[in-house]
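Good morning, colleagues. I shall present one structure, beginning with its sheet and then turning to its cysteines and one helix residue. Please have the sequence and the model before you.

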Amino acid sequence: MEYQGQPAVAIPYQDAKGNLLREQLRIHLEKGHKKDGRFVWAPGRGIWHLGLDRLQAAREAGYLFIVEGPTDFAACICGGIPALAIPGANTWRQDW
């Protein structure tokens with residue numbers, strides 16, 4: 001896909017039933033000089049956990065890793081490790 005004329009990867013955030021809640025777009029591989037401009041949110045509302053649609057697999061496994069970011073999440077999933085991710089360290093909320 002494209003975002004403002006440049007290639008982007010859409011990362012879908014889904015609820016426990018697999019319904020799309022929102023997408024985060026990866027638009028750069030490297031952090032910018034002043035801020036991390038690798039990710040932007042597609043239009044929509046809310047910040048969601050990545051992996052809600054995989055919670056049943058975690059229940060069946062009997063454990064769950066909580067990780068930071070879609071890259072760590074993808075590494076866990078590729079390794080067969082049940083995981084739930086927050087979108088980034090600066091999105092963490094104490095009530096979670």
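**The sheet**

Strands E3 and E4 pair in the antiparallel sense, over 6 bridges. Before I continue, please note that this is a predicted model, in which local features need pLDDT of at least 70, side-chain atom pairs count only at pLDDT 80 or more, and totals for chains, interfaces and linings use all residues. Residues are numbered from 1 along each chain as its sequence is written, and side-chain values use heavy atoms, with hydrogens and water left out.

As for terms, strands (E, at least two residues) and helices (H or I, at least four residues) are DSSP runs numbered from the N terminus. Two strands are said to pair if DSSP finds at least two bridges between them.

Within the pairing of E3 and E4, Tyr-13 stands opposite Arg-22 in E4. The two strands form a hairpin with 5 residues between them. In the turn, Gly-18 has a positive phi of about 90°.

Strand E4, residues 20-26, also pairs with E5 in the antiparallel sense, here over 3 bridges. Arg-26 stands opposite Phe-39 in E5.

Taken together, these strands make an open sheet of 3 strands in the order E3-E4-E5, with antiparallel pairing. Why do strand E3 (9-14) and strand E5 (39-41) each have one side without a neighbour in the sheet? Both stand at the edges and each has a single partner strand, so one side is left without a neighbour. Neighbouring strands of this sheet are turned by 30° against each other on average, direction ignored; the axes are lines fitted to C-alpha atoms, for helices over the stretch in contact, and angles run from 0 to 180 degrees between N-to-C directions.

**The cysteines**

How many disulfides does the model contain? With a disulfide defined as a pair of cysteine sulfur atoms within 2.5 Å, the count comes to 0. The sulfur of Cys-76 has its closest cysteine sulfur in Cys-78, at 9.6 Å, which is too far for a bond.

Are these two residues buried or exposed? Buried means under 20% relative accessible area, exposed over 50%, and partly exposed in between, with a 1.4 Å probe and protein chains only. Cys-76 counts as buried because its relative accessibility is 11%, whereas Cys-78, at 72%, counts as exposed.

**A helix residue**

Finally, Asp-72 lies in helix H2, residues 70-78. Asp-72 has a relative accessible area of 37% and is therefore partly exposed. Asp-72 and Lys-17 are 55 residues apart in sequence and 22 Å apart in space, C-alpha to C-alpha.
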